[in-house]
Amino acid sequence: MKFQLFFSWQQFISLFSYQWEHEVFLFLLPLPLLIFLIRYLLNRKNQARITLSFTKPLIQNRLIRFISFIPDIVQMMLLTSIILALAGPYKVNPKRKIQPDGIDMALAIDISSSMLNRDVNPSRLVIAKQVATSFVKQRKNDFIAVIAFAGSPYLASPITNDSSYLQQTLLGLDSKLIKEEGTALGDALGMCINQVRDSPNPKKISILISDGNNTAGNLDPLTSTELAKTFGIKVYTIAVGSVKPSMDPVDESTLRIIAEKSNGKFYRATDQKSLNAIFDEINQLESTKVKEIYWEEHVDQSKFFFDFAFILFFLGLFLKLSPISNILED
């Protein structure tokens, strides 16, 4: 209760900081004082005067004299509060919101047996998971889906902006997750498209990490690429593997075509350092912008003045009907 009273007093003190919806009513503010002066002058003019003679000077009690003005002061404050309430006072609270303009993306990682090749230390799959996890950790304003694929695609995580969940999902990817052997690039890209195509966000990309050509699946990679282009999805492809001779050599051809025809970019990662650099470049190319939105909130303050007028009305009524009225008139 004490806090509410203090807050109301603060509202009254900050009267001159308000904005006004109907400023014309403020021209009526001198009216209560004018009414008080007219009444005072009329009462003084019509007051009967009696001349008395005292042996000692009569000392008028100043406190009683001051108290006699209380009913008029209450009425003046009542009228003033009503006028202020009708003027529509309001406070302007400036608001600011930071809204990240994120990107919707699908991240597909090849988990076929060839990705276990150790020509890249400790293995192609391990560094792909580690670097992708680091990339996702930096993209906290984006919605990301994770797709694992080998002979068929598997939706490891639907599109979400839960960065912690995405990181756990990536680190948990394992070559035993999918039984079908091979590399279904077309099917994997098709699943990527399905995850982001219906998003209202105009910024949509897909990142495809693999080490080989398309050897499995039902959807041709070129057909998937045309679909990606139709839906405005840019595809970045990354071929992971050493340039040295290997039992599972890297086949770049299909990955290059996918990137070229979808207005994306092809990369070749030969070790963890180069893969980190690739993701850093994608991070720069697909940077997230941050918008600052400003607006004003108008908080109506007329209720305070109506409530104050309500209290003053009953206070004036109490002074009028109670025995105090007789004391004040004497």
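**A mixed six-strand sheet and its helices**

In this predicted model, an open sheet of 6 strands runs in the order β5-β4-β3-β6-β7-β8. Its pairing is mixed. Strands β5 and β8 form the edges, each pairing on one side only. From one strand to the next, the twist averages 15°.

Both senses of pairing meet at β4. Strand β3 (residues 104-110) runs parallel to β4, and 7 bridges join the two. Met105 stands opposite Ile144 of β4. Towards the edge, β4 (residues 143-149) pairs with β5 (residues 153-160) in the antiparallel sense, over 5 bridges. Here the bridge partner of Ile144 is Thr160. A hairpin of 3 residues joins β4 to β5.

Two helices were examined against the sheet. Helix α9 packs on the sheet and touches β6, β7 and β8. The direction of α9 makes about 155° with that of β7. Helix α10 (residues 272-285) also packs on the sheet, touching β6, β7 and β8. For α10, the angle of about 155° is taken with the direction of β8.

Helix α9 spans residues 253-261, and its buried residues are Thr254, Leu255, Ile258 and Ala259. They lie on the same side of α9, because they cover an arc of only 130° around the axis. The spacing follows a general rule: an α-helix has 3.6 residues a turn, so residues three or four places apart point the same way. The buried residues of α9 pack against strands β6 (204-210), β7 (233-240) and β8 (265-269). They also pack against helices α7 (185-196) and α8 (221-230). After α9 comes Asn263, with a positive phi near 65°.

The loop between α7 and β6 holds Asp198. Asp198 counts as exposed because its relative accessibility is 63%, above the 50% cut-off. The C-alpha atoms of Asp198 and Phe231 are separated by 8.6 Å. Along the chain, these two residues are 33 apart.

Over the whole chain, there are 12 helices and 9 strands. The chain has 330 residues, of which 40% count as buried. Its accessible surface comes to about 20300 Å². Carbon and sulfur atoms account for 59% of that surface. Among contacts between residues at least 6 apart in sequence, 83% join residues at least 24 apart.

Conventions
Residues are numbered from 1 along each chain as its sequence is written. This is a predicted model: local features need pLDDT of at least 70, side-chain atom pairs count only at pLDDT 80 or more; totals for chains, interfaces and linings use all residues. Side-chain values use heavy atoms; hydrogens and water are left out. Two strands pair if DSSP finds at least two bridges between them. Helices (H or I, at least four residues) and strands (E, at least two) are DSSP runs, numbered from the N terminus. Buried means under 20% relative accessible area, exposed over 50%, partly exposed in between (1.4 Å probe, protein chains only). Contact means heavy atoms within 4.5 Å. Accessible areas come from the Shrake-Rupley method with a 1.4 Å probe; for residues, only the protein chains shown count as cover. The arc is that of the directions from the helix axis to the C-beta atoms. Axes are lines fitted to C-alpha atoms, for helices over the stretch in contact, and angles run from 0 to 180 degrees between N-to-C directions.
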